[in-house]
Amino acid sequence: MKFAERFNEILETCGKKQTEVAAAVNVSKQCISDYKKGKSVPSVETLFLLCRFLDVSSDYLLGLSDEYR
């Protein structure tokens, strides 16, 4: 799944911890772990918050564009 692959890439690049990301977007650390493993995908609202917090475009995370921002 493209989202999981790109989400992992962004997390490695930005150096944020799962707990930090989870707190910023109001989800559990387990949710972040599930996103990383491709077990689930975020809701539209959570995707929006993730993009703002990680400074990345939703199109990039969803595999619709190869442009990071």
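How many positive and negative side chains does the protein chain have, and how far apart do the centres of the two sets lie? I looked this up before anything else. I count 10 positive and 10 negative side chains, with the two centres 8 Å apart. I note here that the model is predicted.

**Entry: overall build**

I went through the elements from the N terminus. They run α-α-α-α-α. The protein chain holds five helices and zero strands. Its radius of gyration is 11 Å, close to the 11 Å from the globule rule for 69 residues, so the chain is as compact as a globular protein of that length. I also took the box along the principal axes: the C-alpha atoms fill roughly 30 × 20 × 20 Å.

Next I checked burial and contacts. Of the 69 residues, 33% count as buried. Among contacts with a separation of 6 or more, 55% join residues 24 or more positions apart. The accessible surface comes to about 4,300 Å². Carbon and sulfur atoms own 48% of that surface.

**Entry: helix H2**

I turned to H2, residues 18-25. Which of its residues are buried? I find Val 21, Ala 22 and Val 25. These three cover an arc of only 100 degrees around the axis, which puts them on the same side of H2. What do they pack against? Their partners are helix H1 (2-14), helix H3 (29-37) and helix H4 (44-54).

I then picked Ala 23, also in H2. Is it buried or exposed? Ala 23 has a relative accessible area of 56%; the cut-off for exposed is over 50%, so Ala 23 is exposed. I set Ala 23 against Glu 9 as well. The two are 14 residues apart in sequence and 19 Å apart in space, C-alpha to C-alpha.

**Entry: helix H3**

In H3 I list Ile 32, Ser 33, Asp 34 and Tyr 35 as buried. The buried residues of H3 pack against H1, H2 and H4. From the other side, I had already noted H3 among the partners of the buried residues of H2.

Lys 29 is in H3 too. Its relative accessibility is 48%, and it counts as partly exposed. What does Lys 29 touch, leaving out residues up to four places away in sequence? I get Gln 18, Thr 19 and Ala 22. Ala 22 is one of the buried residues of H2. I also paired Lys 29 with Asp 55: they sit 26 residues apart in sequence and 20 Å apart in space, C-alpha to C-alpha.

**Entry: positive phi**

I searched the backbone for positive phi. Most residues other than glycine have a negative phi. Which residue follows H2 with a positive phi? I find Asn 26, near 60 degrees. It is not a glycine. Asn 26 is placed in the loop between H2 and H3. At 66% relative accessibility, Asn 26 counts as exposed.

Just after H3, Gly 38 takes a positive phi of about 80 degrees.

Asp 55 gave me another positive value in a residue other than glycine, near 55 degrees. Where does Asp 55 lie? I place Asp 55 in the loop between H4 and helix H5 (58-61). At 44% relative accessibility, Asp 55 counts as partly exposed.

Technical notes
Residues are numbered from 1 along each chain as its sequence is written. This is a predicted model: local features need pLDDT of at least 70, side-chain atom pairs count only at pLDDT 80 or more; totals for chains, interfaces and linings use all residues. Side-chain values use heavy atoms; hydrogens and water are left out. Buried means under 20% relative accessible area, exposed over 50%, partly exposed in between (1.4 Å probe, protein chains only). Helices (H or I, at least four residues) and strands (E, at least two) are DSSP runs, numbered from the N terminus. The arc is that of the directions from the helix axis to the C-beta atoms. Contact means heavy atoms within 4.5 Å. The radius of gyration is taken over C-alpha atoms; the globule rule is 2.2 Å times the number of residues to the power 0.38. Accessible areas come from the Shrake-Rupley method with a 1.4 Å probe; for residues, only the protein chains shown count as cover. Lys and Arg count as positive and Asp and Glu as negative; His and the chain ends are not counted. The place of a charge is taken as NZ of Lys, CZ of Arg, CG of Asp or CD of Glu.
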